[in-house]
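Here is a walk through some local features of this fold. Have the sequence and the coordinates open as you read.

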Amino acid sequence: MPIKKILVANRSEIAIRVFRAANELGLKTVAVFAEEDKLALHRFKADEAYLIGKGKGPVEAYLQIEEYIRIARISGADAIHPGYGLLSESPEFVDACEDAGIIFIGPRAQTMRDTGNKVAARNMAIASKVPVVPATDALPDDPAEIKKLAAEIGYPLMLKASWGGGRRGMRRIMDEKSLLSEVSEGKREAKAAFGKDEMYLEKLVERARHVEVQLIGDDHGNLVHLFERDCSVQRRNQKVVERAPAPYLDDKVRKELTDAAVRLGNAANYRGAGTVEFLMDADTDKFYFIEVNPRIRVEHTVTEEVTGIDIVKAQIHLLDGAVIGTPESGVPLQKDIHLNGNAIQCRVTTEDPEQNFIPDYGRITAYRGATGFGVRLDGGTAYAGAVITRFYDPLLEKVTCWAPSAEEAIARMHRALREFRIRGVSTNSAFLENIITHPDFVENRYTTRFIDTTPELFNFKPRKDRATKLLSYIADVTVNGHPEVRDRPRPPAEAAAPVCARIPAFGRHRWQPAGFGSRRSGRARQMDEKAEAGAVYRHHHARCPSKPARHPHAQL
């Protein structure tokens, strides 16, 4: 049975992205919202919207599997799209949808179990002859055993959570002194984010680049790649800027990378959209498998721009039974998928880079977005009057720019960022400008440590913000008076009231610019005199309605 109505089990930007794709396909849409999200824009972009998780916390409300099934039944939704984050990587959610007869627009539950556990995914990569970084199995509870495993791999190390994504729980460990404390903190963070605290250690590649390959598969055993993305510009292991294709790859390495990703995807019997992530050594160009993300990614927009494939629509078509290579699927055969140009995405957030990236919240008092050829905006709360709360991720808007060359894409993004005017909350736009205009970024010399090792990225020019200054001045004068007359004595109460200026006489005695009359015809001057006389008559009548005035040109 074809999909007719989609419930999006998510919020904000990604929910709106799915609603737009569904709307273009003629499908009905259903939104959910927590109590703290009652004013969120995604609620009003769907055909229907339902409160979820009443009485729960702002994030916990969106993690209620039973609630999603209940709302899907009430609304008549026959498919659920999980978006990214939240329950998008939960095999239990997939099982619940299948048990209720609802299509889950994503991978199979078993695929999530095979790839969601990073240790199991690593073993699958080894079996698929995909290069991997030396790493441990799941860490035991015994501190002495943890130290022994770390010594066998060798420092420096990277601590990672076995489940989940988004870099939660990830820690750089440079020596044994910080090992146990970092493992303890990483476990707590992973437990809070994913409900599981299983961790493992991996050899740290010092000068690394982060590259990921976009995969998409159907329900008939077909799988293709949509080339790669560079995600090396990160802060605290969170991506900031993404690009497609990776500008430093040559065709040989690109083919090796994408072939490895497809081998792993086939081994996992992959269906839907997902990514295979790799670390690449910037000095040797060798790449190593990191993990599989069985969901759509925040940065999918850059891949859409360079391939021309709508990944969200493709997800819907493929889970509706379409076959890759047919017009109905929206996904061509591998031989017909080509790169076209370059794309770059910047994540505009409400974080203040001058205050250690503390998230800001409040009401957006003024908003002006970027526009023009090759500029794409994907946002959830980016509009004048929107209320930014402290309960959710600070992502405000994704800006994606396309151009034929990498240099032109960077220039276009720089122009787009300068066009933004966002007032009322702080943003990281100035920080993004510094990143994309830095010589190391422009010349592809950056690694995942780019932000940490480049202090000049935090040198910001003061903003002019002329409009806000003008409004502040007007408000100050209105409330406190003009500073030049603030201390002057007021005029006495008996002072004469102002007298209205007399209206100048009309006709040949009225004021005119020098030489005005000499350049106009007699008929034109006569028409001017009549028009002015009528104005004087109306003015007099308005002031003294009880005393009629004789129109100067009235007939006797």
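## Where α7 meets α8

Pro-143, Ile-146, Lys-147 and Ala-150 are the α7 side of a helix contact, and Leu-179, Leu-180 and Val-183 are what they touch in α8. Sorted by class, this α7 and α8 contact comes out as six nonpolar residues, one charged and no polar. Keep in mind that this is a predicted model.

How do the two helices cross? The axes of α7 (residues 143–153) and α8 come within 10 Å, at a crossing angle of roughly 105 degrees. That puts α7 roughly perpendicular to α8, because angles of 65 to 115 degrees get that label.

## The loop out of α7, and a second cis proline

Pro-156 sits in the loop between α7 and β6. The peptide bond leading into Pro-156 from Tyr-155 is cis, and its omega is near -5 degrees.

There's another cis bond further along, between Ala-244 and Pro-245, with omega about -10 degrees. Pro-245 also belongs to a loop, this one running between β11 (238–244) and α9 (251–267).

## The sheet under α8

Now for the strands. The order is β7-β6-β8, an open sheet of three strands with antiparallel pairing. Which strands stand at the edges? They are β7 (171–173) and β8 (199–203); each has a single partner strand, so one side of each has no neighbour in the sheet. From one strand to the next, the twist averages 30 degrees.

Strand β6 (residues 157–161) is joined to β7 by three bridges, and the two run antiparallel. If you want a pair to click on, take Leu-157, whose bridge partner in β7 is Ile-173. Helix α8 (residues 179–194) comes back in here: it packs on the sheet and touches β6, β7 and β8. The direction of α8 makes about 170 degrees with that of β7.

## β21, shared by two partners

Is strand β21 (residues 395–403) enclosed or open? Nine of its nine residues are buried, so the rest of the structure largely encloses β21.

Strand β21 pairs with β14 (residues 342–349) over eight bridges, in the antiparallel sense. One of the residue pairs there is Arg-347 with Lys-398, the latter in β21. Strand β19 (residues 375–379) pairs with β21 as well, again antiparallel, over five bridges. For that pairing, look at Arg-376, which has Thr-400 of β21 as its bridge partner. As a reminder, side chains in a regular strand alternate between the two faces of the sheet.

## Helix α1 and its ends

Helix α1 (residues 12–24) is 13 residues long. Its first and last C-alpha atoms are 19 Å apart, close to the 18 Å expected at 1.5 Å a residue. Most of α1 is covered, with ten of the 13 residues buried. Among them are Ile-14, Ile-16, Val-18 and Phe-19, and the buried set also includes Glu-13 and Arg-17.

Ser-12, which is found in α1, has an unusual feature for you to check: its phi is near 55 degrees, positive in a residue other than glycine. Ser-12 has a relative accessible area of 11%, and it counts as buried because the cut-off is under 20%. After α1 comes Gly-26, which has a positive phi too, near 80 degrees.

## Another positive phi: Asn-444

Asn-444 isn't a glycine either, yet its phi is positive, about 60 degrees. You'll find Asn-444 in the loop between α14 (439–442) and α15 (466–480). Is Asn-444 buried or partly exposed? It is partly exposed, at 21% relative accessibility.

## α4 against α5

Last stop: helix α4 (residues 91–99) packs with helix α5 (residues 109–116) at about 175 degrees, the axes being 8 Å apart. So α4 is roughly antiparallel to α5, since angles over 145 degrees are classed that way.

On the α4 side, the contact uses Pro-91, Glu-92, Val-94 and Asp-95. On the α5 side, Ala-109, Met-112 and Arg-113 take part. By class, the α4 and α5 contact holds four nonpolar and three charged residues, with no polar ones.

Note on methods
Residues numbered from 1 in each chain as written. Predicted model: local features only at pLDDT ≥ 70, side-chain atom pairs only at ≥ 80, totals over all residues. Heavy atoms only, no water. Pairing = 2+ DSSP bridges. Helix = DSSP H or I, 4+ residues; strand = E, 2+ residues; numbered from the N terminus. Axes fitted to C-alpha atoms, helices over the stretch in contact; angles between N-to-C directions. Contact = heavy atoms within 4.5 Å. Expected span 1.5 Å × (residues − 1). Buried < 20%, exposed > 50% of the residue type's maximum accessible area, 1.4 Å probe, protein only. Parallel < 35°, antiparallel > 145°, perpendicular 65-115°, else oblique. Nonpolar A, V, L, I, M, F, W, Y, C, P; charged D, E, K, R; others polar.
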